[in-house]
Amino acid sequence: MEDLSVLDHLKSEGFEDIEIVEKLEGEHNYNYIFKSERGKFVLRKSKEHLDEEQRLRSERNVLKFLEHQGIKFIPRSVSYDNERDIHITTFVGSENTSLGKLSQKELENWVSNLSKIHSLNYEEFKGFCEERNYSYREPETVGQKIDEIRERLAEAESTDKELVEWAEEKLGELNYSIELDEPRLTHHDIHNSTRKSQNNLFVIDWEFAGFSYYPLEDLADILLDENLKKEQVELVIDQYKSLSTIEITESVLTNNKKLKLLFQLSWSLVEISKPRKNGESSEKYHNY
């Protein structure tokens, strides 16, 4: 997407005095940070316009629902173009913040925010979307997640057959008891999605978010942060237990960690197996 077409789109959305500050390329989106007379924003454009999921549309729907629920620690959805799969949100900072570097008070606030996300009701979200003619996905089960991992492993079998066989064995050992009786809103990619701006914390990148029967994947994702000290891990677990209605045991957390790691492994193997273009290296996926 050329800068000119970005500027044309922004003008069609009513922005004036536009200055593109930075262009970033993520795994799935092109991100343009820009200033205008209305403030600072991010334009997110899907790389795969024919993606049937239209993840940025899903992100808009979730952010609008969170705003409707009074959640403060998110970017605000400004506009969404269904034809181009372009989502514009408020800018909340460009640098990831490791949870291990937060103060105790900040970490407690962050966990409190997570428990609020996980308390949200699917039927209310469904009604919210239907009132606005928004599309929405049905809640995902643990079985569906495991099937997705199996499909990825099969796709990547030629990359590292021995590692794929090991992952399939570990997948078969997973305990399905991590599934809840009712779905909760789950971010699904929360590990590197925290921004700190002055004294405020924000959670970004909601394109993969949706309701699932295994929301503790988010908590497991956090606890896998290598920068968290032992006492911080204990604080996170104790704080979450005190606020959440979800029952947590060591076994449940362990199985959620395994699920998250096996998903990351399968994703990395698929990315490694893809042909690279323009001299792009697959080293970062090996590192993952």
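**Helix packing and enclosed spaces in a predicted model**

Colleague: At what angle do the axes of helix H6 and helix H9 cross?
Modeller: In this predicted model, helix H6 covers residues 161–172 and helix H9 covers residues 250–273. Their axes come within 11 Å of each other, and the angle at which they cross is roughly 155°.

Colleague: Are H6 and H9 roughly parallel or roughly antiparallel to each other?
Modeller: The axes of the two helices cross at roughly 155°, and angles over 145 degrees count as roughly antiparallel. H6 and H9 are therefore described, in relation to each other, as roughly antiparallel.

Colleague: Is the crossing in which H6 passes H9 left-handed or right-handed, and which residues in H9 does H6 meet?
Modeller: As H6 passes H9, the crossing is left-handed. On the H6 side, the residues that take part are Leu163, Val164, Trp166, Ala167, Lys170 and Leu171. The residues that they meet in H9 are Leu262, Leu265 and Leu269.

Colleague: How do the residues of the contact of H6 with H9 divide into nonpolar, polar and charged?
Modeller: Lys170 is one of the residues that H6 brings to this contact, and Lys counts as charged, whereas Leu, Val, Trp and Ala count as nonpolar. The residues of the contact divide into eight nonpolar, no polar and one charged.

Colleague: Which helix gives the largest share of the lining of the second largest pocket?
Modeller: The second largest pocket holds about 190 Å³ of space, and its lining is made by Lys72, Phe73, Lys105, Glu106, Asn109, Asn113, Asn199, Asn200, Leu201 and Phe202. Two elements give two or more residues to this lining, namely strand S8 (200–203) and helix H3 (104–118). By class, the lining has three nonpolar, four polar and three charged residues. The largest share, four residues, comes from H3.

Colleague: How much space lies in the largest cavity?
Modeller: When cavities of 30 Å³ or more are counted, the count comes to one. The space in the largest cavity is about 40 Å³.

Colleague: Which residues line the largest cavity, and how many of them come from H3?
Modeller: The lining consists of Phe73, Trp110, Asn113, Leu114, Ile117, Ile190, Leu201 and Val203, and H3 and S8 each supply at least two of these residues. H3 gives the largest share, and the number of residues that come from it is four.

Colleague: How many nonpolar residues does the lining of the largest cavity have?
Modeller: Asn113 is part of this lining, and Asn counts as polar. The lining has one polar residue and no charged residues, while the number of nonpolar residues is seven.

Note on methods: Residues are numbered from 1 along each chain as its sequence is written. This is a predicted model: local features need pLDDT of at least 70, side-chain atom pairs count only at pLDDT 80 or more; totals for chains, interfaces and linings use all residues. Side-chain values use heavy atoms; hydrogens and water are left out. Axes are lines fitted to C-alpha atoms, for helices over the stretch in contact, and angles run from 0 to 180 degrees between N-to-C directions. Angles under 35 degrees count as roughly parallel, over 145 as roughly antiparallel, 65 to 115 as roughly perpendicular and the rest as oblique. A crossing is left-handed if the near helix is turned anticlockwise from the far one by less than a right angle, and right-handed if clockwise. Contact means heavy atoms within 4.5 Å. On a 1 Å grid over the protein atoms alone, a cavity is a set of points where a 1.4 Å probe fits but cannot get out, and a pocket is an open set with protein on both sides within 12 Å along at least five of seven lines; lining residues have an atom within 4 Å of a point. Grid points are joined across faces, edges and corners, and a volume is the space filled by probe spheres set on the points.
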